[in-house]
Amino acid sequence: MSKQTVLLLGATGGTGSSILKGLLENREFFDTEALVQPSSADKPTVQKLAERGVKIRVADIGGPLDALVKTLTGIDVLISAIGATAQLAQIQLATAAKEAGVKRFVPCGFITVTPPGGVMALRDDKEVVYQHIWKLALPYTIIDVGYWHQISFPTVPSGRVDYASLINPNVKIHADGNIPTMLTDLRDIGRFVSLIIRDPRTLNQFVVTYSDVLSEHEIFNLMEEMSGENIGRKYVSADEVEASRARFGAIIRAEPNNAMARMQSFSADYNFSKYVRGDNTPTYAAYLGYLDARELYPDFQPRRFKEFVAELLDGKAEKLYMR
Ligand SMILES: NC(=O)c1ccc[n+]([C@@H]2O[C@H](COP(=O)([O-])OP(=O)(O)OC[C@H]3O[C@@H](n4cnc5c(N)ncnc54)[C@H](OP(=O)(O)O)[C@@H]3O)[C@@H](O)[C@H]2O)c1
C-alpha cells in the first residue's frame, strides 16, 4: 500500500496528541498533517506541531463548505479528535469529506462502549454525527477505547499520586464496584489508531481497543498492593449515580453554556454506563458489532494498567491537559 495522507483535527488535544505521536512513529505509512482552526493558528502548541514536521492546514470547519472541501482535497484519511462539547461541528466536516473524496473518515469516537439513545449525552451527540456519515455513505471507522488509564486510578493517603490526578481525593467506588470495564493507556490510542487506519478489515466498522478489563475493586486492590497504602473507599450507590445524572442533566438543559455542569454531567453519564449498566465490556462491544483490536492485532502489546500504576507510583506519569 502506498503512503496515506492523514489529516488530524485535534492534534494539540489529549486524544489527538496520542494519535499524532502514533502517526509520526509510522512515517513509512503516513504523511501526517494537522487541521487547525484559524483562532488557534498562532498558538505555540500549533507552532510546535510545525517544528515536528507536521504540515498545517488552517480551516474553519463551521465556515463556507466550498473552502472546507478545498482544505480536505487530497486527504486519504481524516481523523477527528475534537473536544467533547464540540461533537456536532463534525457534521459539516463529514459533508465536506464526502465531497472531497476522503477515503476514510474517523470521526471522534474515542470513548467507552455504550449504546446510543439516552445513556450518555456525549454518545448521543456522536450518534448524530455517525448517522450523518451513514446518510452520506462516507467510508468511516469508529474507534472507541474504553476509559484512559490516566483517569482510572484512585488517590492514596500519602498524596504521592496527587500530581497526576485530575480529582483529589479520588476514592469513590460506584454501585457495588464489581463491574468490569475496559481500559486503554492514553499513549496507546495513537499506536492502535495507526494500525486500524491502514487495515482494510476495519473500513466501515466499529473497533474497540483495550489493555485491561478491570472492576473498580480490582483497580483499588492493585493500587493498595503496589503502593502499600490502604485506600478508604467511599461508596456511591447506583441510585446516587442516577440522581447525579438527573441533577446535572437538568442544569445543562436550563443553562446550556454551563461548562462545569456539562463536564459533571458527562462524568455522571460515564459512571452510569460503566458501573451501573456495565456497558464498557468486550462482551457488550461484540454484541454491538465492534471488532476487537486485540483480536485484530494479536502481536501488539498495549501498556498494561499495572505498568501504568508502577510509573504513577514512581512519579513518572504525566499530568493531563497541561498544554
Ligand atoms: N475514553 C476516555 O477516557 C476519554 C477521556 C477524555 C476524553 N475522551 C474523548 O476524547 C475525545 C477528544 O477529547 P479530548 O479531551 O482529547 O479533547 P481536547 O483535549 O479538548 O482537545 C480538543 C482538540 O480539538 C481541537 N478543536 C476544537 N475545536 C476545533 C475546531 N472547531 N476546529 C479544529 N480543531 C478544533 C482543539 O484545538 P484548539 O486548541 O484549537 O481548541 C484540540 O486540539 C472526546 O470525544 C472526549 O470525550 C475520552
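With which residue does Lys-103 form a salt bridge? The partner of Lys-103 is Asp-76, and the closest N and O atoms of the two residues are 2.5 Å apart. A salt bridge is here a side-chain nitrogen of Lys or Arg within 4 Å of a carboxyl oxygen of Asp or Glu. The structure is a predicted model, in which local features need pLDDT of at least 70 and side-chain atom pairs count only at pLDDT 80 or more, whereas totals for chains, interfaces and linings use all residues. Residues are numbered from 1 along each chain as its sequence is written, and side-chain values use heavy atoms, with hydrogens and water left out.

Side chains of opposite charge can pair when their charged atoms come close. A search of the whole structure finds 15 salt bridges, among them the pair of Lys-103 and Asp-76. Lys-103 lies in the loop between helix H4 (90-100) and strand S5 (104-106), and Asp-76 in the loop between helix H3 (65-72) and strand S4 (77-80), so this pair ties together parts that are 27 residues apart in sequence. Helices (H or I, at least four residues) and strands (E, at least two) are DSSP runs, numbered from the N terminus. Lys-103 counts as exposed, at 52% relative accessibility, while Asp-76 is buried, with a relative accessible area of 13%. In these terms, buried means under 20% relative accessible area, exposed over 50%, and partly exposed in between (1.4 Å probe, protein chains only).

A further salt bridge joins the side chains of Arg-304 and Asp-212, at 2.9 Å from N to O. This pair links distant parts of the chain, 92 residues apart: Arg-304 is in the loop between helix H11 (293-296) and helix H12 (305-313), and Asp-212 is in strand S11. Strand S11 comprises residues 212-214. Arg-304 is partly exposed, with a relative accessible area of 38%, whereas Asp-212 is buried at 8%. The side chain of Asp-212 also reaches the backbone nitrogen of Phe-305 at 2.8 Å.

Arg-277 and Asp-279 likewise meet through their side chains in a salt bridge (3.0 Å, N to O). Of these two residues, Arg-277 is partly exposed, with a relative accessible area of 39%, and Asp-279 is buried, with a value of 2%. In addition, Asp-185, Arg-187 and Glu-311 are joined into one network by salt bridges that share partners.

Another contact involves Glu-33, which is found in strand S2 (residues 30-36). Glu-33 is buried, with a relative accessible area of 9%. The side chain of Glu-33 makes a polar contact of 2.5 Å with the side chain of Arg-57. A polar contact is a pair of N or O atoms within 3.5 Å; within protein, one must be able to donate a hydrogen and the other to accept it, and residues adjacent in sequence count only if both atoms are side-chain atoms.

The surroundings of the ligand were examined next. There are 29 residues around the ligand, of which Thr-12, Thr-15, Ser-40, Lys-126 and Tyr-321 come nearest; a residue is near a molecule or strand if one of its heavy atoms lies within 4 Å of it. By class, this shell has 15 nonpolar, 11 polar and three charged residues. Ala, Val, Leu, Ile, Met, Phe, Trp, Tyr, Cys and Pro count as nonpolar, Asp, Glu, Lys and Arg as charged, and the others, Gly among them, as polar. Oxygen atoms of the ligand are approached by a backbone N or O atom of Gly-10 at 3.4 Å, by a polar side-chain atom of Gln-37 at 2.8 Å and by a polar side-chain atom of Ser-40 at 2.4 Å. The protein covers 86% of the 920 Å² of accessible area that the ligand has on its own. Helix H1 (14-24), helix H5 (121-136) and S7 are the elements that give two or more residues to the shell.

Tyr-321 also belongs to a nonpolar patch on the surface, together with Leu-166 and Ile-167, and the three have about 330 Å² of accessible area together. Accessible areas come from the Shrake-Rupley method with a 1.4 Å probe, and for residues only the protein chains shown count as cover. Patches are made of residues with over 30% relative accessible area and no salt bridge; like charges are joined within 9 Å, and nonpolar side chains (Val, Leu, Ile, Met, Phe, Trp, Tyr) within 5 Å. Ile-167 is placed in the loop between strand S7 (147-148) and strand S8 (172-174) and is partly exposed, with a relative accessible area of 48%.
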